[in-house]
Amino acid sequence: MSAKKILLLVIVLASIILFYLGCLQDYFNMAYFQDQRDSIMAYKDANFATASLVYFFLYIVVAALSLPAAAILTVAGGDLFGFAWALVLVSFASSIGATLAFLIARTLLHDWVQARFGHALKRVNEGIERDGVFYLFTLRLIPAFPFFLVNVLMALTPISTASFYIVSQLGMLFGTALYVNVGVELGLATTVPDIFGIGVIRAIVLLAIFPWLAKGIVRWLHNHRALAPWRDRRPQQFDTNMVVIGAGSAGLVTAYIAAGARAKVTLVEKHRMGGDCLNTGCVPSKALIRSAGVRHLSGRAKEFGLEGEPASVNFYAVMDRVRNIVNTIEPHDSIERYTRLGVDCLMGEATITSPWTVSVNGEEIRTRNIVIATGARPFVPPVPGLANCDYLTSDNLWNLEQLPGRLLVMGAGPIGCELAQAFARLGSTVTLVDMQDRILPREDTDVSASITARFGQEGIRVITGTSINRIEATGYSHAAVIEREGSLERVEFDKVLVAAGRQANTEHLGLKMLGIECNADGSVKVNEFLQTNYPNIFACGDVAGPYHFTHIASFQAWFAAINGLFGAFKKFRIHYDVIPWATFTDPEVARVGLSETEAREKGIDYELTRFNLGELDRAVTDSETTGFIKVLTVPGKDRIVGAVIVGAHASELINEFILAMRNGLGLKKIMAAIHVYPTWSESSKFVAGAWRKAHAPEWAYPLLDSFHRLKRK
């Protein structure tokens, strides 16, 4: 640290210490001011210019050092100098003082923070350079943080000093006027009835409603700023209240809720109602997994005391069953049903032509709000030769007519693992390849190890920590050339299934023309209200992320619908603090909240309680003893911060922990509930009991021994 910075730091620290240890804070309270008011007022009347300068510079010092006296000085200034002159003095002094505090913090901390955390702060810095002035104005107008904290935090960003001063001067003006007005009204109150007079009450009420009023002003400014370039395109009247683009889980639920609120809703879908979940995702994959599971169970007949061999596979019949299940569920998501619910359903490709208009099949629809719910599709990595081998994805997999003899699965996330095991159980020879060092990399290492062990038992070859260099054609089959620890290896296959993640469907929507912002992964950027950078255009589901689950899409849809229809009165922030998911392998993997890996990465302390399912009577009767439950709790308390289950029915068992976390119920409450015997759900009670045993008061046991010994005598 340079000598200049050291000197500045010493001056700041010495001033703060002097303020507190020197009891200077005793002079900055309303009681002291009231005691000395007459003498101070007399001095001001006799030496108006000097009193103004002293007050002005004192205020600058207090603001520059972030001392807790600015509010008292503001109110006192209104009493001493009257509204107009006090407003001038306080407005300039507070802005100058805040700028000095800003410069002090920038001198002492900016370079160090940017040098150490510059990479992590890159997006923050870019946002400040683009929108820093408006962001600072919002903080000044709505004091969500103490002003001294705003001064310090903004000093760490790239905002210029001139911009900081000008915005602070303007942003704090209205709030300053209200505080000065309180001082003026209190100064006019000379008797007890005056203190409770109309003027004082009006001033206090104005001060109380200021945050709500400021929020309204900021919202209006934000909306005006975003929509200003399109004002000449705004319709005089609208055809519908909301246009929802995409009829997958997010779009269907959005339309359902909006129609239920008696709004006029138009739902646009260019392909099939129900989206990925119904047609190519959750429903068909779980149907396939079930068929594969039944065949696998038949192979375990002797284990259950039965005779028999694994059932032969009629793959066409298996896929026909999958299609029949999709057809059975399809009416729930059909045009006919949603039309009966009051939704106008249109088939066609939608393009957003302005913040209030959507073009569908050449027809322009005028709408108050737009919800983008176009979902995502499988990401296909640019592997040389992949495009020439008729690859499979979760989209076109369901068109297969023959079971692949040798199947290569690219990607060991949930989709890759689920389908790899299903095809292996149906009779394919499966090789699972992933660049990560383990399968299911979002889960803890012991979870990945458990599933890897099961895959090995079922004959699935797992190759991790490797990349596919290229795909080569070899007669009627193909081979993947993989690079592993510096050497090349060929893996021959008949079909390759690409399960390397998802990418948002944002093409042909007109987002670029409107300037709707997207994240680095291509998903639509939204705020905590699911708004894009246009206040009346929302996005939810896979197209917005950050989670690609049907139940999260439905969860987001409520916020998009309600905030779109009623956001002018009340907006609801979405929170992702209790997010569950499951991977439907065998054994299943389910989780809610933090895993051990995430807790360590975030520096969150936790206690771990573990229960092995092999100790559960129902697991023994079902011969499904593989797996465990892990619960993370706050150290010394039973409050749950995360739960992980590996085992049969994990996707069902996790729901008790979801309910507990959502409602603030701890392990003691779970333990106190009566669970039917023998059931899988007893495992929740047993893991709670394990936590209770670990926290039993050891000191009480000798006393209990003595008590019962005396009772026996």
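This is a friendly dialogue about reading a predicted protein model.

Visitor: Where do I begin with a chain like this one? How many helices and strands are there?

Guide: Keep in mind that the model is predicted. The protein chain has 25 helices and 21 strands. It counts 713 residues, and 47% of them are buried. Among contacts with a separation of 6 or more, 66% involve residues 24 or more positions apart.

Visitor: Let us turn to sheets. How do strands pair in a sheet?

Guide: Strands of a sheet pair through backbone hydrogen bonds, and the pairing is either parallel or antiparallel. Here you can find an open sheet of four strands, ordered 10-9-8-14 and paired in parallel. Its edge strands are strand 10 (461-463) and strand 14 (495-498), each of which pairs on one side only. From one strand to the next, the twist averages 20°.

Visitor: How many bridges join strand 8 to strand 9?

Guide: Five bridges link strand 8 (residues 406-410) with strand 9 (residues 429-433), and the two run parallel. To follow one of them, start at Arg 406, whose bridge partner in strand 9 is Thr 429.

Visitor: Which helix lies across strand 8, strand 9 and strand 14?

Guide: That is helix 16 (residues 414-426), which runs at about 165° to strand 9.

Visitor: Helix 16 also meets another helix. How are two packed helices described?

Guide: The description uses the angle between their axes and the distance between the axes. In this model, the axes of helix 13 (residues 282-298) and helix 16 come within 8 Å and cross at roughly 40°. Angles from 35 to 65 degrees fall outside the parallel and perpendicular classes, so helix 13 and helix 16 are oblique to each other. Their crossing is left-handed.

Visitor: Which residues make the contact?

Guide: On helix 13, look for Ser 285, Lys 286, Leu 288, Ile 289, Ala 292, Gly 293, Arg 295 and His 296. On helix 16, look for Glu 418, Leu 419, Ala 422, Phe 423, Arg 425 and Leu 426. Sorted by class, this contact has seven nonpolar, three polar and four charged residues.

Visitor: Now for antiparallel pairing. Which strands pair with strand 21 in that sense?

Guide: Strand 18 (residues 588-593) pairs with strand 21 (residues 640-647) over six bridges in the antiparallel sense. One pair to find is Val 589 with its bridge partner Val 646 in strand 21. Strand 20 (residues 628-633) is also antiparallel to strand 21, joined by six bridges. There, Val 631 has Ala 643 as its bridge partner in strand 21.

Visitor: How many residues lie between strand 20 and strand 21?

Guide: The two strands form a hairpin with six residues between them. In the turn, Gly 636 has a positive phi of about 80°.

Visitor: Is strand 21 mostly covered or mostly open? How many of its residues are buried?

Guide: Strand 21 is mostly covered, with eight of its eight residues buried. As you trace a strand, remember that in a regular one the side chains alternate between the two faces of the sheet.

Visitor: What is usual for phi and for peptide bonds?

Guide: Most residues other than glycine have a negative phi, and most peptide bonds are trans. This model offers some cases of the other kind. Arg 262 has a positive phi near 70°, and it lies in the loop between helix 11 (249-260) and strand 2 (265-269). Asn 361 has a positive phi near 55° and sits in the loop between strand 5 (357-360) and strand 6 (363-372).

Visitor: Are Arg 262 and Asn 361 buried or exposed?

Guide: The cut-off for exposed is over 50% relative accessible area. Arg 262 has 72% relative accessibility, so it counts as exposed. Asn 361, at 59%, therefore counts as exposed too.

Visitor: Where can I find a cis peptide bond?

Guide: One joins Asp 586 and Pro 587, with omega about 5°. Pro 587 lies in the loop between strand 17 (580-583) and strand 18. Another joins Tyr 677 and Pro 678, with omega about -10°. Pro 678 is in the loop between helix 23 (667-672) and helix 24 (682-694).

Definitions and conventions
Residues numbered from 1 in each chain as written. Heavy atoms only, no water. Pairing = 2+ DSSP bridges. Axes fitted to C-alpha atoms, helices over the stretch in contact; angles between N-to-C directions. Contact = heavy atoms within 4.5 Å. Parallel < 35°, antiparallel > 145°, perpendicular 65-115°, else oblique. Left-handed = near helix turned anticlockwise from the far one by under 90°. Nonpolar A, V, L, I, M, F, W, Y, C, P; charged D, E, K, R; others polar. Buried < 20%, exposed > 50% of the residue type's maximum accessible area, 1.4 Å probe, protein only.
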